[in-house]
Amino acid sequence: MCGIVGYVGSDKALPILIEGMRQLEYRGYDSAGVAVAEGGSLTVVRRAGELTKLEQALDGNGMEGTLGIGHTRWATHGPPTDGNAHPHRDCTGNIAVVHNGIIENHEALRAALQAEGHELSSETDTEVVAHLLEGAVAQRPRPLLDAVIEVIAMLEGAFGLVCIHAEQPDSIIAVRKDSPIIVGVPDGSGIVASGIPALLPHTRDVIPLDNRQVAEIKAGSVSLFDFDGEPAEPRVVHVEWDISAAEKGGYEDFMLKEIFEQPEAVRNAMRGRVDLSGRILLDEVSWDADVLNDITKIVVVACGTSYHSGMAAKHAIEHYTRIPVELDLASEFRYRDPVLDDRSLVIGIAQSGETADTLAAVRFAKDMGAKVVAVTNVVGSSITRDADAVLFTHCGPEIGVAATKTFLGQLVALNLFALYLAQERGAMAEEKVAETIAAMHELPAQIEEVLALHDDIQRAAKSLSDVSDVLFIGRGVGMAVAMEGALKLKEISYIHAEGYAAGELKHGAIALIEEGVPVVAVMTGPSLYEKMMANVQEVRARGADTILIAPRGDERAKALATELFEIPLTKPLLTPILDTIPLQLLAYYAAKERGLSPDKPRNLAKSVTVE
Ligand code: AGP
C-alpha cells in the first residue's frame, strides 16, 4: 500500500518527509513525491521509481519550508508515472493532497469537476479531492478543515487523506476512512503518517485516528473531529516496538501479516465492482456485448500459485458460463501447439505481472488473434501492457515471497469475472448472480473466523516439523487448494509435499502411505464429500495422520481426524477462499518450527523474470 507522511513545525520539512518515506519503503511503492509550502506557495516534486530518483530531483532544490507532505505511491489508478505520483494539486496550485486507498466514485466526480471547468492533469482517483477542496475553500474563503469536512461527505470508498494549503501554513488536515492515519505531536511539532514506523524517529506516543475521524494538526497540538465536525478525544498509544517490528505491524514476518490482511484484501478486490442490487460492474472489461457473446473458449495460463487460482477459476467459469475452459502452465502453453483463434479468450494470471513464462504465453496468444485479460496485483507491470483488459486484484503490495493475500485476491477477481461473463451473456439469472455476490460479501468476516484458528494450526504444525513428506488431497476446487497447500509447505518449510487429486491416490500415491505419514484432506465441497470421506478412510486405514479441512460442525470428519480445522459454510465454488487459509498458516508455522525465515525462502524470488 502507499505511504503518507506530513510535517508542520519549526524545522525544515523536506528532510523529515524523506526520512519518513524511507521508513515506509518496505510497504512497496512505484513512485514518490513531496509538496512543501513556503512564502505562500507550494513546491511539488514527483518522480516515478525509487525514492533515490526523487532525492536526485530534489538535490540543490533548497526547499526551506516548515510545512510539507510526502507520499510513496503504489499505483492503482493510472500507471506509475511522474504525473500520477502524489501529491496532487488543484487548479490554483495552492492545495496539495496525498491519499491512500480508492475513491470509488472518482469518475463521476471528475466529470462534474471538468464540467465546471477544472483541469485535471493525472489519471488518478486522488486528484479529484484537490479540485473539490479548491471549490470548497473558495466559497468564503474558509479554513481547510471546514472544506475537508465538506468534501469527504462527497467521497465513496476508502481514504487516508492528508491535505495542506499554501496560504494556511500552520496546519495539516488528515482524514481516516478505512485506511490508517497516525498522528504525533512531539516537541512543538506535528507529524502525521500512514504507518507507525515513520513516526518512531520522532515520538513513541502516537495518536491513531479512529475510523471516520479528521485531525487538524498544528505545531505541538492536534484536534480531532468526526465526519460531522463534532470534536473527539484523542487516544494516545505508547509504542514499545522497534522500527523493524513496526514495519511488520507487530507480526513476526511479512508473510504472517499478509495472511492476516486477507479480510481486507478480499474487501478491496470486490470494492467498486458490485452495485447494491448485486449486479457486477467490471468497467475494466468494457467490451461490447458482441465480443463477450462471441467467446467460444477460454484458456487460462499461469505459474505456481497463480496456476492454482486458475485451476479453481476453471471450475467457476465453466459452471457459471458453460464456456469450455482449458488450463495451462504458462511454461508449457506455447510449446504444445494450442488451438486458438479470434473467438478465444486467454486469461493470464500473475500477481507480479512480470513472470516471463506468463508474459510469453500471453504474447503468443495475442499473436494467434486471441483476446487477453490479465489478472495482476501490480499496476503498470508488463502484463498490463500486453493485455486487452486488466483485472487488478487491489491487494496492496505483498512483500513475502510466498503468495498469500494475492492468491485470495485472484480467486475473488476470477470469480467476479466468471459471474460477470455469465451475467452479460445471460447464462445465469440475475438473482443467482446476486445470491453468489451476497455470499462473497460474507467472506471477509468468515476469513476472520478461519484466522482465529491460528493457535490450533500452530500446534498442529509442530507435528509436521520433523516429517519428510506430506500428502495434500482434494477433489474439484478442493484439488486446487490441496495443490496450493502443498506448494506453500514445500516453498517455505522445505518439507516435501505433494498436492494430489484424491481420486488418483489408488493409482499410485497410496503406496507412500504408512504409519504416521501426514495427509491433509480438503473436504468442504458438498458434492464430493462422500468421495473424500472414502479417501480419508483409505489413508487412515493405512496408518496416516489426517489433518482435515472440513465444514463446521461435521461430526463424521471429527471422528476421522487427527487434527480438524472447521471452516464456515459458503458456496461450493467459493470454498477455496476460506480453505486455503489454514494451509497457509500450517506452512508458515511449520517453517517457523524448523527455524526458517518464511519471508525469504531459499532459491526463490518474488518475480520470476527468467524462463
Ligand atoms: C507462490 O508462493 C510462489 N512464490 C510462486 O509459485 C509464484 O506464484 C509464481 O512464481 C508465479 O508468480 P506470478 O503470480 O507473479 O506470476
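Is histidine 308 buried or exposed, and at what relative accessibility? This residue of the predicted model is taken up in Figure 3, after views of the domains and the ligand.

**Figure 1. The chain of this predicted model is divided into three parts: domain 1, domain 2 and domain 3.** Domain 1 covers residues 3-245, domain 2 covers residues 249-451, and domain 3 covers residues 454-593. Taken over C-alpha atoms, the centres of domain 1 and domain 3 are separated by 46 Å. The ligand lies between domain 2 and domain 3, because both of these domains give residues to the shell around it.

**Figure 2. The ligand is surrounded by 15 residues.** Those that come nearest are Ser306, Gln351, Ser352, Thr355 and Glu491. By class, the shell consists of 7 nonpolar, 6 polar and 2 charged residues. Two helices, α10 (304-321) and α17 (477-493), each supply at least two residues of this shell. Polar atoms of the protein approach the ligand at several points. A backbone N or O atom of valine 401 lies 3.1 Å from a nitrogen atom of the ligand, and a backbone N or O atom of alanine 403 lies 2.8 Å from an oxygen atom of the ligand. For glutamate 491, a polar side-chain atom lies 2.4 Å from an oxygen atom of the ligand. The ligand taken alone exposes 410 Å², of which the protein buries 92%.

**Figure 3. Histidine 308 is a buried residue of helix α10.** Its relative accessibility is 6%, and histidine 308 therefore counts as buried, the limit being under 20%. Not counting residues up to four places away in sequence, histidine 308 touches Phe407, Ala480, Met483, Glu484 and Leu487. The helix that holds histidine 308, α10, also supplies at least two residues of the shell around the ligand.

**Figure 4. Leucine 292 is buried in helix α9.** Helix α9 spans residues 289-294. The relative accessible area of leucine 292 is 1%, so this residue falls under the 20% limit for a buried position. Leaving aside its neighbours within four places in sequence, leucine 292 is in contact with Trp287, Tyr420, Leu421, Glu424 and Arg425. Valine 206 stands 86 residues from leucine 292 along the chain, and the C-alpha atoms of the two residues are separated by 52 Å.

**Figure 5. Threonine 203 lies in the loop between β10 and β11.** The strands on either side of this loop are β10 (190-193) and β11 (205-208). With 12% relative accessibility, threonine 203 counts as buried. Its side chain reaches the backbone nitrogen of aspartate 205 at 3.0 Å. Threonine 203 also touches Gly184 and Pro186, when residues up to four places away in sequence are not counted.

**Figure 6. Histidine 202 is a partly exposed residue in the loop between β10 and β11.** The relative accessibility of histidine 202 is 26%. Because this value lies between the limits of 20% and 50%, histidine 202 counts as partly exposed. Residues up to four places away in sequence being left out, histidine 202 touches Ile16, Glu19, Pro186 and Ile191. With glutamate 19 there is a polar contact of 3.3 Å, which joins the side chains of the two residues. Serine 221 is 19 residues from histidine 202 in sequence, and the two are 15 Å apart in space, C-alpha to C-alpha.

Terms used:
Residues numbered from 1 in each chain as written. Predicted model: local features only at pLDDT ≥ 70, side-chain atom pairs only at ≥ 80, totals over all residues. Heavy atoms only, no water. Domains from an automatic or database assignment. Near = heavy atom within 4 Å. Polar contact = N/O pair within 3.5 Å; in protein donor to acceptor, adjacent residues only side chain to side chain. Areas by Shrake-Rupley, 256 points an atom, 1.4 Å probe, with all protein chains shown as cover. Helix = DSSP H or I, 4+ residues; strand = E, 2+ residues; numbered from the N terminus. Nonpolar A, V, L, I, M, F, W, Y, C, P; charged D, E, K, R; others polar. Buried < 20%, exposed > 50% of the residue type's maximum accessible area, 1.4 Å probe, protein only. Contact = heavy atoms within 4.5 Å.
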